[in-house]
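User: I should like a close look at a single part of this model, taken strand by strand and followed outwards to its surroundings. Please give the answer as one connected account.

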Amino acid sequence: MSYDRQRQPLDPHSVFLPESPSQTAGPYVHIGLALDVAGLPERDHEIGNVMAGPDAEGQPIEIAGRVLDGIGDVVADVLIEAWQADAQGRYVTDFAFDNAFNSLGRAAPAATDAGHWTLHTVKPGRVMHPDGIEMAPHVNLVLFARGINVHLHTRLYFDDEQQANQACPFMQRVPPSRRHTLVAQRNGDNDAGQPRYDIVIRLQGDHETVFFDF
Amino acid sequence: MALNEHTAFVMRDRLHWHPPAHDTGYKTAVARSPRQALVAIQTPSASERSGPDFDRMALDAHDNDLLMNYRQGGERDGLPIGERMQLFGRVIDQFGKPVPHTLVEMWQANAGGRYRHKKDSYAAPLDPNFGGVGRTVSDADGWYRFRTIRPGPYPWPNDPNSWRPAHIHMSVFGPSISTRLITQLYFEGDPLIPFCPIVNTLNDPEAVETLTARLDMARSRSFDCLVYRFDIVTRGALQTYFENF
């Protein structure tokens, strides 16, 4: 294993440790990260699926998702973490419960939701790629679940940003035939009159979602 | 502020060190593992490099104290049953640098091996004074600390007779979403470790060693609790002073 080659214990200034290895978040991830789904009384503040409060700048939207496994079954015990820019394309790195908008959110389906999860956020602005070209609006998603040994990174794009999606330098890293797996479909408005976008994340098989390593 | 504009993170060793996505011994992984290759990103953008900083996150006083945070009743009658223990350690990166102000979250079964979760129906009883969840933010030098009871092992339906070793789920962010990590802490000397299909998703025995908390007898507190040490290592951060042309 590369660990032995990498470790140089003789020189304290060149210490190189192996990263802590990942282990699955397991079926009871909700006790730790989504207490209401576990049925545990919540603490005063939780990192939840409302990323944008009423005072957040930008267009409020709802993202409605499901995750399916390789045999088409719903992954009902998934935990999703979202990381996205605000309406101006800036990441709010200073997380606080009283921020009008937080770049970080968490979503998990309740037991009665048949695997459906939602995020309440704003349409993200465009973020500059190192190439000097703006990327299309997107939400970074991280998936944790029983049976997922190392969490999976993907992105969510929007189907009403077709031109921006085609020009997005990050999207161009994805084989053309697989790009559609990242694009959420506008599906009318939710009860609050906010645009709703649907996404199905497929862990395996036909139309398998693109996952990233970076 | 964790924009990490001039930071590159050491590549994750997915080939030898982290568990493979597809592991037939851990049966749930079979249908939940991608078959296509991960798409590699050589020039990460702000979307990959940035991450949340938790310096301003308001926590409750007992959020890192599982003896207290879900107990009922008064003084001593409301404490959870089990072996009292403290868990402490340091969040550092692969170059040994402390990772300050990062969120460390954990969850666990009670002393009987039962999770306080709607979906857990194991015969061991719930403990009305134990929730099984904690969180804290590492200090300026990367140190974190929890007080809890030692979790029990429990059966699960992977094989006809599978048991999880005692473990605590540990979650840490590090400076970026690139360093995000969830893992499990095991206990030194637990005889169930070598039998566990989830432990055995790790192919390198040394990787299991790094997930094994050590008894710290020197810091254990007389007539109070044993102390276990568990350091968490997140991906190394390199400063990039030159443009990538």
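The part in question is strand S10 of chain B, together with what surrounds it.

Analyst: The model is predicted, and the description below should be read in that light.

The account begins with the strand itself. Seven of the seven residues of S10(B) are buried, so the strand is largely enclosed by the rest of the structure. In a regular strand, side chains alternate between the two faces of the sheet. In S10(B), Leu181(B), Thr183(B), Leu185(B) and Phe187(B) point one way, while Ile182(B), Gln184(B) and Tyr186(B) point the other way. Both sets are buried. Leu185(B), which belongs to strand S10 of chain B, has a relative accessible area of 0% and therefore counts as buried, the limit being under 20%.

The neighbouring strands come next. S10(B) pairs with S9(B) in the antiparallel sense, over six bridges. Within this pairing, His169(B) has Gln184(B) of S10(B) as its bridge partner. S10(B) is also joined to S11(B), by two bridges, and these two strands run parallel. Here Tyr186(B) stands opposite Thr212(B) of S11(B), and Phe187(B) stands opposite Ala213(B) of S11(B). The pattern continues from S11(B) to S12(B), which pair in the antiparallel sense over two bridges. In that pairing Arg214(B) stands opposite Arg229(B) of S12(B).

Phe187(B) has a further contact to consider. Arg150(B) lies over the face of the Phe187(B) ring, at 4.5 Å from the ring centre. An arrangement of this kind is also found in chain A, where Arg155(A) lies over the face of Phe170(A), at 3.4 Å from the ring centre.

Beyond S11(B), the description reaches the surface. Leu215(B), Met217(B) and Leu226(B) make a nonpolar surface patch of about 260 Å². Met217(B) is found in the loop between strand S11 (212-215) and strand S12 (226-229) of chain B. Its relative accessible area is 57%, so Met217(B) is exposed, the limit being over 50%. Leu226(B), a member of this patch, can be related to the buried strand by distance: the C-alpha atoms of Leu185(B) and Leu226(B) are separated by 16 Å, and the two residues are 41 residues apart along the chain.

The loop on the other side of S10(B) leads to a group of aromatic rings. Over all chains there are 13 aromatic pairs. One of them is formed by Phe95(A) and Phe97(A), with 5.4 Å centre to centre and 85° between the planes, and it is edge-to-face. Phe95(A) is buried, at a relative accessible area of 4%, whereas Phe97(A) is partly exposed, at 21%. In chain B, the ring centres of Phe54(B) and Phe173(B) are 5.1 Å apart and their planes lie at 55°, so this pair is tilted. Phe54(B) lies in the loop between helix H2 (46-49) and strand S3 (84-93) of chain B, and Phe173(B) in the loop between strand S9 (167-172) and strand S10 (181-187), so the pair ties together parts that are 119 residues apart in sequence. Phe54(B) and Phe173(B) are both buried. Ring pairs link Phe95(A), Phe97(A), Phe54(B) and Phe173(B) into a cluster.

Conventions. Residues are numbered from 1 along each chain as its sequence is written. Chains are lettered from A and ligands numbered from 1 in the order in which they are written. This is a predicted model: local features need pLDDT of at least 70, side-chain atom pairs count only at pLDDT 80 or more; totals for chains, interfaces and linings use all residues. Side-chain values use heavy atoms; hydrogens and water are left out. Rings of Phe, Tyr and Trp (its six-membered ring) pair if their centres lie within 6.5 Å; planes under 30 degrees apart count as stacked, over 60 as edge-to-face and the rest as tilted. Buried means under 20% relative accessible area, exposed over 50%, partly exposed in between (1.4 Å probe, protein chains only). Helices (H or I, at least four residues) and strands (E, at least two) are DSSP runs, numbered from the N terminus. A charge sits over a ring if NZ of Lys or CZ of Arg is within 6 Å of the ring centre and within 35 degrees of the ring normal. Patches are made of residues with over 30% relative accessible area and no salt bridge: like charges are joined within 9 Å, nonpolar side chains (Val, Leu, Ile, Met, Phe, Trp, Tyr) within 5 Å. Accessible areas come from the Shrake-Rupley method with a 1.4 Å probe; for residues, only the protein chains shown count as cover. A salt bridge is a side-chain nitrogen of Lys or Arg within 4 Å of a carboxyl oxygen of Asp or Glu. Two strands pair if DSSP finds at least two bridges between them.
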